[in-house]
Amino acid sequence: MRPTYWYLARRVGQAFVVIALAYTLVFFVLNVLPGNPIESQINSPENPISAEDAEVLIAYYNLDKSAFEQFALSVQRLVVHGDLGFSLTSGKSVEHLLFSALPSTLKLASTALLLAIVFAFGIALIAVFAKAARIREAARAIPAAFLSTPSFIVGLLLLQFFAFELGLVSAIRDEGVRSVILPAIALAIPVSAPIAQVLIQGLQNASGQPYVDVLRSKGLTENRIIFRHVLGNGSIPTITIVAITVGELLAGSVITETVFSRTGIGYLTEQAVRNQDTPVIQAVVILVSVIFVVANLLADLAYPLIDPRISLTPDKKVVTA
């Protein structure tokens with residue numbers, strides 16, 4: 001088997017292990033430890049369930065069986081039938097709830113990721129290559145300020161200024177692209193901070209390498225050296241941070257979607273946690289795990305495309321030639 005195929009197969013296997021462990025942990029934490037949410041929902045005096053409905057829930061979720069039998073049957077439903085169960089609060093299938101909420105979150109997260117990358121690259125270029133020392137120092141302080149700024153504070157300020165004072169965007173209605181920009185900015189600002197910090201360090205190291213002096217001696221302009229050579233080499237460590245950022249975007253969407261009244265995965269998660277809707281929580285964990293491991297896998301495979309000196313081998317993740 002060729003090295004690339006071997007590495008890809010191993011990474012895909014590791015991804016399945018991570019997803020399986022995440023599902024197993026969440027299942028036993030939510031369903032086995034004292035205070036089983038499904039049993040609590042059946043026995044709740046505030047939302048009484050008829051004896052017939054209770055029997056259906058007990059039979060479907062196998063509450064009359066041992067914990068390991070419940071887990072085995074749950075995995076069988078998921079793997080064989082793709083069945084994630086039904087919401088304990090709405091009664092709708094979890095697949096329907098996920099696929100209804102996912103497009104909104106993907107639109108928000110992808111826009112926020114794009115803005116975070118733009119912010120990070122702009123800050124890093126100024127922090128490393130600006131001619132004035134004061135400007136460079138000011139740019140270096142921006143990531144720390146962004147990192148310490150909660151996204152909900154930024155979101156509330158953006159809503160106050162653009163929605164309530166200027167009236168440019170509705171705080172309630174979905175107006176397409178305009179309704180995505182403000183929450184994406186609120187989500188992108190804290191996320192861009194670690195990307196900028198790593199990128200600043202990478203660009204500093206790359207700009208101090210001997211090949212930069214060689215390129216200058218050949219008469220290349222500073223802009224060509226920066227954007228054609230230094231930026232490519234200096235941004236390699238940033239790829240891993242960008243992949244990890246995907247998880248932060250999904251986590252941050254819980255608060256951001258609540259502030260901006262968006263009905264995405266974040267809002268669905270918040271409602272599920274509040275109502276102890278375990279099937280929905282488990283499904284969200286699976287979805288987030290899949291997205292996270294796929295993003296990291298794509299990041300690993302992107303290294304050789306950015307730097308030809310890096311190649312994949314069966315023994316090591318990446319090797320610099």
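This passage describes the packing of two helices in a predicted model, followed by the surroundings of two residues.

We may begin with the helix pair. Helix H5, spanning residues 94-129, packs against helix H11, spanning residues 236-259, with the two axes 10 Å apart and an angle of about 125° between them. That angle falls outside the ranges for roughly parallel, roughly perpendicular and roughly antiparallel pairs, and H5 and H11 are therefore oblique to each other. The crossing of H5 past H11 is right-handed. On the H5 side, the residues that meet H11 are Thr105, Leu108, Ala109, Ala112, Leu113 and Ile117. Their counterparts in H11 are Val242, Thr245, Leu249, Leu250, Ser253, Thr256 and Glu257. Sorted by class, this contact comprises 8 nonpolar, 4 polar and 1 charged residues.

Thr256, one of the H11 residues in this contact, merits a look of its own. Its relative accessible area is 2%; since buried means under 20%, Thr256 is counted as buried. Beyond residues up to four places away in sequence, Thr256 touches Leu108, Ser151, Pro183 and Leu187. Of these, Leu108 belongs to H5 and takes part in the contact with H11.

Phe162 offers a second local view, this time in helix H7, which covers residues 151-165. With a relative accessibility of 28%, Phe162 lies between the 20% and 50% cut-offs and so counts as partly exposed. Setting aside neighbours within four places in sequence, Phe162 is in contact with Gly167, Leu168, Val169 and Leu182. For Leu182, the separation from Phe162 is 20 residues in sequence, while the C-alpha to C-alpha distance is 8.6 Å.

Technical notes: Residues are numbered from 1 along each chain as its sequence is written. This is a predicted model: local features need pLDDT of at least 70, side-chain atom pairs count only at pLDDT 80 or more; totals for chains, interfaces and linings use all residues. Side-chain values use heavy atoms; hydrogens and water are left out. Axes are lines fitted to C-alpha atoms, for helices over the stretch in contact, and angles run from 0 to 180 degrees between N-to-C directions. Helices (H or I, at least four residues) and strands (E, at least two) are DSSP runs, numbered from the N terminus. Angles under 35 degrees count as roughly parallel, over 145 as roughly antiparallel, 65 to 115 as roughly perpendicular and the rest as oblique. A crossing is left-handed if the near helix is turned anticlockwise from the far one by less than a right angle, and right-handed if clockwise. Contact means heavy atoms within 4.5 Å. Ala, Val, Leu, Ile, Met, Phe, Trp, Tyr, Cys and Pro count as nonpolar, Asp, Glu, Lys and Arg as charged, and the others, Gly among them, as polar. Buried means under 20% relative accessible area, exposed over 50%, partly exposed in between (1.4 Å probe, protein chains only).
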